[in-house]
Amino acid sequence: MKTLLRGVTLLAVIAMPAAAETPYDRNLEKAVMDIVAGKIGEIRGGFSYGQMPQLVVPPEATPVLPVATGHPRKKASGKDGLVPAVERRASRTIF
């Protein structure tokens, strides 16, 4: 019986630090919120009740045309030991 009580006491002593919490400071939280709100206030602007936000639409990009490098490439003929690359179809079967 003594061993059981000592075991329970030991477990209680070990569990006490895990159950202890840091005290929560609401004044510190309010001060931090005021500081952050003051800094964000300069970044973001508000809208009045009747104002509709206007979204910025970027202009469309013009297509880029390919540029020739200067020297044409040789095509593989098969006579020089090279074979043209052929892309195989992938299997869509999933097991």
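Leu-5 counts as exposed, because its relative accessibility is 53%; exposed means over 50% relative accessible area, buried under 20%, and partly exposed in between, with a 1.4 Å probe and protein chains only. The model is predicted: local features need pLDDT of at least 70, side-chain atom pairs count only at pLDDT 80 or more, and totals for chains, interfaces and linings use all residues. Residues are numbered from 1 along each chain as its sequence is written, and side-chain values use heavy atoms, without hydrogens and water.

Leu-5 is found in helix H1, a DSSP run (H or I, at least four residues for a helix; E, at least two for a strand; numbered from the N terminus). The protein has two helices and zero strands. Of its 95 residues, 0% count as buried.

The table describes H1.

| Property of H1 | Value |
|---|---|
| Residue range | residues 2–19 |
| Buried residues | zero among 18 residues |
| Expected span | 26 Å |
| Distance between end C-alpha atoms | 25 Å |

The two lengths of H1 agree; the expected span is 1.5 Å times one less than the number of residues.
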